[in-house]
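Thanks for coming, everyone. I have one structure to walk through today. Please take a look at it first.

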Amino acid sequence: MSDDGDFLRLRWAPGVTMQAEDIRSTIAAVTAASPRGKRPLLVHIGLVERISLEAKQLLMNDTCSTRTAVVGVDDVGRVLTAFNYRSVTPSRYFTKEADAVAWLKEERDAGGVSATADPFTAEMRGEVLWLECEADTDVDNTVAAAVVSRVNHLSPSVRPPMLIRLNHLISLTEEAQHTLATGLDIAALAIVGAEPGDPLITAYYKQRHHPPYPTRHFTTVGSAQEWLRGIPAVDVLQLPSQPATPSSLL
């Protein structure tokens, strides 16, 4: 590990298998290197052979950096670190170091806050609330809270079915997932994404956070719309609480 001032740089040796004890010692080293507060972390994954399940879990729960950029040589590294969308800390995979460093420095240049306050657009289209993420978005809790606020503003008295287009979502932190699961007052959620990891995002979201509304993943907008047509909006003023979810919708 080396100190580049604005961020810390970590290089893994080729051919190794990352074990839990390796991650624990790394987290301790990163924490010790920033006594005045957390900094971004640049990780060169290189030609690492494998990451154990326990090591992956530790990486997902780690908060020793403000954001983590992982640099690999090819898509093998992307597969090895495909769990990063579930990480507590915003994480992103790159194949070029210059791109990774630029992303890490975005946080510093914006004073520690995302330069784009709301990296999404939202509107009502008939009875369905449409939300579209900007390409290559990192969703942290600030973004998730903004989504909940926008939904409440657009549909204050009606619980609408909702469609989200991911558009190559980069990361979705654990805290953000919790906010979406507990804060969205909607009738159903259709998640549209064609990336290989998108179905995994949806599955993890459902299994880990148990949203009270039926949630499904779709690869096309058309199939998502067809499913949502069978789920009418609900007047929340007439309901004292969230209605039971039919098992056929899950």
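I will go from the overall picture to the cavities, then to some loops and helices.

A word on the source. This is a predicted model, where local features need pLDDT of at least 70, side-chain atom pairs count only at pLDDT 80 or more, and totals for chains, interfaces and linings use all residues. Residues are numbered from 1 along each chain as its sequence is written, and side-chain values use heavy atoms, with hydrogens and water left out.

Now the overall picture. The protein has eight helices and 16 strands. Those are DSSP runs, numbered from the N terminus: helices are H or I with at least four residues, strands are E with at least two. Of the 250 residues, 45% count as buried. Buried means under 20% relative accessible area, exposed means over 50%, and partly exposed is in between, with a 1.4 Å probe and protein chains only. Next, contacts, meaning heavy atoms within 4.5 Å. Take the contacts with a separation of 6 or more: residues 24 or more positions apart account for 80% of them.

On to the cavities. Rolling a probe the size of a water molecule over the atoms shows where empty space is left. Here the search uses a 1 Å grid over the protein atoms alone, and a cavity is a set of points where a 1.4 Å probe fits but cannot get out. Lining residues have an atom within 4 Å of a point. Grid points are joined across faces, edges and corners, and a volume is the space filled by probe spheres set on the points.

How many cavities of 30 Å³ or more does a search of the whole structure find? Two. The largest has a volume of about 300 Å³. It is lined by 23 residues. Nearest its centre lie Leu41, Val43, Leu59, Thr68 and Val70. Helix H1 (20-33), strand S4 (41-46) and strand S6 (68-72) each supply at least two lining residues. H1 gives the most, with four. By class, this lining has 14 nonpolar, eight polar and one charged residues. For those classes, Ala, Val, Leu, Ile, Met, Phe, Trp, Tyr, Cys and Pro count as nonpolar, Asp, Glu, Lys and Arg as charged, and the others, Gly among them, as polar.

The second largest cavity has a volume of about 220 Å³. Of its 18 lining residues, the closest to its centre are Val139, Ile164, Leu166, Leu172 and Leu180. Strand S9 (128-133), helix H5 (141-154), S14 and helix H7 (198-209) each supply at least two. And the classes? This lining has 17 nonpolar, one polar and no charged residues.

Leu172 leads us to a loop residue, Pro90. The C-alpha atoms of Pro90 and Leu172 are separated by 7.3 Å, yet the two are 82 residues apart along the chain. Pro90 is found between helix H3 (75-80) and strand S7 (91-94). Is Pro90 buried or exposed? Buried, at a relative accessible area of 16%. Leaving out residues up to four places away in sequence, Pro90 touches Thr66, Arg67, Thr68, Trp103, Asp140, Ser171 and Thr173.

Thr173 sits in the loop between strand S13 (171-172) and helix H6 (174-183). Thr173 is buried, at 3%. A polar atom of its side chain lies 3.2 Å from the backbone nitrogen of Ala176. Ala176 is one of the buried residues of H6, which also include Glu174, Gln177, Thr179, Leu180 and Ala181. The buried residues of H6 pack against strand S10 (138-139), H5, S13 and H7.

Next, the loop between S12 and S13, home to Asn167 and His168. Asn167 has a positive phi of about 55 degrees although it is not a glycine. His168, also not a glycine, has a positive phi of about 60 degrees. Asn167 is partly exposed at 26% relative accessible area. His168 is partly exposed at 31%.

His168 is among the residues touched by Thr137, along with Pro119, Leu169, Ile170 and Ser171, not counting residues up to four places away in sequence. Thr137 lies in the loop between S9 and S10. Thr137 is buried, at 5% relative accessibility.

That is the tour. Questions, please.

Note on methods:
Polar contact = N/O pair within 3.5 Å; in protein donor to acceptor, adjacent residues only side chain to side chain. 1 Å grid on protein atoms, 1.4 Å probe; cavity = no way out; pocket = protein on both sides within 12 Å on 5 of 7 lines; lining within 4 Å.
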